[in-house]
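Got your viewer open? Let's take a walk through this protein, one selection at a time.

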Amino acid sequence: ESLYAYETLLRIGYSEDGETASEAYLKLTADITLDHMLETFGGTLDGQNHTITLDLTVDEGDNKDAAGLFQRLAGTVKNLTIDGRMEVQDRSIAVGGIAGIVCGEKTLISHCRSDVDIYIEGSEMEAGGFVGMVDAGSLQISDSSMNGTINVDNSSSSYIAGLVGYF
């Protein structure tokens with residue numbers, strides 16, 4: 001699928017054959033770069049060992065409560081490398097390379113690598129290399145690694161960790 005088809009599916013919530021975004025099985029066929037976040041995803045994203053490079057900036061005026069490749073994840077992400085940079089200056093936001101917030105019953109991250117460098121400034125934040133916060137349901141991370149960095153400046157009352165900021 002092309003990046004256009006991938007983004008269209010996530011925005012409208014279904015594919016041409018009627019499959020919903022929560023049921024979708026997407027395969028990445030090339031390395032891509034994104035300068036914006038994708039909203040909620042509940043299907044399966046198979047990166048097929050490709051890389052998504054993030055170039056994201058989130059400011060307080062953006063009125064977001066989550067930042068990452070997906071703002072909210074309730075599905076499976078596998079065989080994917082997340083690279084690039086995220087810069088977040090906000091308050092009360094969950095930040096993760098793959099997802100800001102996990103909100104699915106059985107969310108799975110498998111055979112993934114986070115090389116993304118995360119820079120945060122603010123208070124009451126949750127930040128992790130893969131996921132900022134698990135809000136509901138469960139999260140399993142297997143055969144995955146975090147090799148990026150999380151840089152914190154003037155952050156009070158926050159939860160910061162390598163893989164998941166806050167359970």
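Leaving aside residues up to four places away in sequence, which residues does Thr 44 touch? Select Thr 44 and look around: you'll find Ala 24, Tyr 25, Leu 26, Thr 76 and Lys 78 in contact with Thr 44. Keep in mind as you click that this is a predicted model.

**Stop 1: around Thr 44.** Colour by secondary structure and you'll see that Thr 44 belongs to strand 4, which covers residues 44-59. Is Thr 44 buried or exposed? Its relative accessible area is 17%, and the cut-off for buried is under 20%, so Thr 44 counts as buried.

**Stop 2: Lys 27.** Now jump to strand 1, residues 25-27, and pick Lys 27. Lys 27 has 39% relative accessibility, so this residue is classed as partly exposed. Try the distance tool here: from the C-alpha atom of Lys 27 to that of His 50 you should get 9.7 Å, with the two residues 23 apart along the chain.

**Stop 3: an open sheet.** Next, select strands 5, 8, 12 and 17. These four form an open sheet, in the order 5-8-12-17, with parallel pairing. Why do strand 5 (66-67) and strand 17 (159-160) each have one side without a neighbour in the sheet? They stand at the edges, and each has a single partner strand, so nothing in the sheet sits on the other side. Zoom in on strand 5 and strand 8 (residues 94-96): two bridges join this parallel pair. Within it, Ala 66 stands opposite Ala 94 of strand 8.

**Stop 4: the nonpolar core.** In soluble globular proteins, nonpolar side chains tend to be buried together. Here, the largest nonpolar core has 39 residues. Show Ile 52, Leu 54, Leu 69, Leu 80, Val 95 and Ile 98 as sticks, since these have the most contacts inside that core. Then centre on Leu 54: not counting residues up to four places away in sequence, Leu 54 touches several residues, including Leu 34, Leu 69, Ile 82, Met 86 and Val 116. Asp 83 and Arg 85 are also among the residues that Leu 54 touches.

**Last stop: the whole protein.** Zoom out. In total there are one helix and 18 strands. Of the 167 residues, 48% are buried. Finally, switch on the surface: the accessible area is about 7,900 Å², and carbon and sulfur atoms account for 42% of it.

Notes
Residues numbered from 1 in each chain as written. Predicted model: local features only at pLDDT ≥ 70, side-chain atom pairs only at ≥ 80, totals over all residues. Heavy atoms only, no water. Buried < 20%, exposed > 50% of the residue type's maximum accessible area, 1.4 Å probe, protein only. Areas by Shrake-Rupley, 256 points an atom, 1.4 Å probe, with all protein chains shown as cover. Pairing = 2+ DSSP bridges. Core = buried A, V, L, I, M, F, W, Y, C linked by side-chain atoms within 4.5 Å. Contact = heavy atoms within 4.5 Å.
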